[in-house]
Amino acid sequence: MNFKGTHIVSVRDLCREDIEHILDLADGMIPIARGEKSSSLMKGKIMATLFFEPSTRTRLSFESAMLRLGGRFLGFAEPGGTSVKKGETLADTIRMASAYSDVIVIRHPQEGSARLASKFSDVPVINAGDGAGQHPTQTLLDLMTIRRETGKIDGRKIALVGDLKFGRTVHSLTYALAKFDTDLTFVAPPSLQMPPEVVELAGQMGARTQLANTLEEVVEEADVIYVTRIQKERFPDEASYKKVANVFKIDLDALENAKKNAIVMHPLPRVKEIDPEVDDTKFAAYFKQAFYGVPTRMALLGLVTGVLE
Amino acid sequence: MKELKITPIKNGTVIDHIEPGMALKVARLLGVPDPDAHSTVSIAMYVKSGKMKYKDIIKIEDRELKKREVNIISLISPNASIAIIKDEEVIKKSRVTLPKVITGIARCSNPNCITNKDEPTETEFTVLGGREVKLRCMYCDRLVDDIIESII
């Protein structure tokens, strides 16, 4: 694919070759992301960051990516004080921002907002999360983490654990992993299990899928344990939340039978899903995962603005 | 003498092979009854049919359907056929075909979809065929819960 001018709205718009190309370029960006090497790749370019709802990692890593590549950014971290609060449509905000910048990064609480933005923008739009919808850059950094920390994606056995029903990152990740040769196990309490249409579509795309209720069932086999946050508000009362939260908690006991080179991932922020005692073990890949957001977003910014091919 | 369940029309449109029991819904979506129209509309339900066992039929005098209306029929009755009648002769007859994409016809059933906000855009859905027609919102990716209820 020629990425120049392409909107990145959903990871489903990308084929396997596109994903691998982005990850290859992201690998090369690591020394720049770490500040070990300087770059002026994006010199003279402006990124508009339109964050209609708060975000820490995503916004900061986009801004870090742009600054490390010698570019600049403008925008807002929350809509208070902007014309959005005065009732301006998203379409008009996008038309305005596209006149002021070379690339737009948008996070918005409504599903489909990034797709809408792409229709009204003259410059490429990157979706940084639209409500409960898509979050393609998170998926790409997740894939980068699996590839770098386990050596490859093909052939990997991946257990997705926690809130698989409402978690936006796990749906996108499932579709992306299904483009590779992977075994996916969805580990969740029945009320938070992966929606059947996602499991079905992943199967049709070629992934081998299975469901499980407890981590013990899969921990010995898994190469990757991808943990998500279980939100309290999904449960009728505190007691039923605690019961589930304890079953899916990752600590050293839970990892006792894990493969030696297995990794634990988490999109962060974590609450109590992963005990801090795991942080200093070789299993912990979640902080590296957060770092990989920077090189991944560098690669994408370079590609869609046409400074990289 | 053979009694006709619905008499032939002189000019207008015959929608045949509608899924049995769906004729009133199709009629409603076509704006029938229209208080300002005075042409005859005939509706027959559960008519015996060799191909379908049972079918519904609608005949509307003095009206040709617009493309948007044909698309609506295809969504809720994908086997329907449409004949245009002029001077009691069938001048064109064709089966409806499912469009790949529909624009501006349906509303997304996800209340948090951006197309349900006050934005200057039309809804767009990918039409998924199969045993049952499904619509997937091209903005938020969700499947429409009830196609008939979603039609604008």
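How many Å separate the centres of domain 1 of chain A and domain 2 of chain A? The figure is 26 Å, taken over C-alpha atoms. The model shown in these views is predicted.

**View 1. The two domains of chain A.** The domain assignment splits chain A in two. Domain 1 covers 11-134 plus 293-304, so named in the assignment, and domain 2 covers 136-290. Contact between them involves 31 residues of domain 1 of chain A and 25 residues of domain 2 of chain A. Together the two domains bury about 2400 Å². Carbon and sulfur atoms account for 59% of that area. Three residues stand out: A:V11, A:R16 and A:R57. They supply 26% of the area that domain 1 of chain A buries against domain 2 of chain A, more than any other three residues.

**View 2. Charges and polar pairs between the domains of chain A.** Four salt bridges are counted between domain 1 of chain A and domain 2 of chain A. In one salt bridge, the side chain of A:R147 meets that of A:D24, at 2.8 Å from N to O. Ten residue pairs are in polar contact across this interface, both residues at pLDDT 80 or more. On the domain 1 side, four elements of chain A give two or more residues each: α1 (16-33), α2 (57-68), β4 (125-130) and α9 (286-305). The largest share, nine residues, comes from α1(A). By class, this side holds 14 nonpolar, seven polar and ten charged residues.

**View 3. Where chain A meets chain B.** Here 16 residues of chain A are in contact with 16 residues of chain B. The chains bury about 1300 Å² between them. Of this area, 50% lies on carbon and sulfur atoms. On chain A, look for A:Q110, A:E111 and A:L116. These residues supply 41% of the area that chain A buries against chain B, more than any other three.

**View 4. Salt bridges and helices at the chain A and chain B interface.** Three salt bridges cross from chain to chain. B:E124 forms a salt bridge with A:K119. Their closest N and O atoms are 2.6 Å apart. Ten residue pairs are in polar contact here, both residues at pLDDT 80 or more. In chain A, α3 (90-100) and α4 (113-120) each supply at least two residues of the side that touches chain B. The most come from α4(A), with five residues. That side of chain A has six nonpolar, six polar and four charged residues.

**View 5. The two domains of chain B.** The assignment gives domain 1 (12-95) and domain 2 (101-150) in chain B. Their centres are 24 Å apart, taken over C-alpha atoms. Eleven residues of domain 1 of chain B and nine residues of domain 2 of chain B make the contact. The buried area is about 750 Å², and carbon and sulfur atoms give 77% of it. The salt bridge count between these domains is zero. One residue pair is in polar contact, both residues at pLDDT 80 or more. Both α1 (23-29) and α2 (67-76) of chain B give two or more residues to the domain 1 side. The most come from α2(B), with six residues.

**View 6. A hairpin in chain B.** Strands β7 (124-128) and β8 (134-137) of chain B pair in the antiparallel sense, over four bridges. B:V127 has B:L135 in β8(B) as its bridge partner. Five residues lie between the strands of this hairpin. In the turn, B:G130 has a positive phi of about 105°.

Note on methods. Residues are numbered from 1 along each chain as its sequence is written. Chains are lettered from A and ligands numbered from 1 in the order in which they are written. This is a predicted model: local features need pLDDT of at least 70, side-chain atom pairs count only at pLDDT 80 or more; totals for chains, interfaces and linings use all residues. Side-chain values use heavy atoms; hydrogens and water are left out. Contact means heavy atoms within 4.5 Å. Buried area is the accessible area (1.4 Å probe) that two parts lose on being put together, summed over both. A polar contact is a pair of N or O atoms within 3.5 Å; within protein, one must be able to donate a hydrogen and the other to accept it, and residues adjacent in sequence count only if both atoms are side-chain atoms. Ala, Val, Leu, Ile, Met, Phe, Trp, Tyr, Cys and Pro count as nonpolar, Asp, Glu, Lys and Arg as charged, and the others, Gly among them, as polar. Two strands pair if DSSP finds at least two bridges between them.
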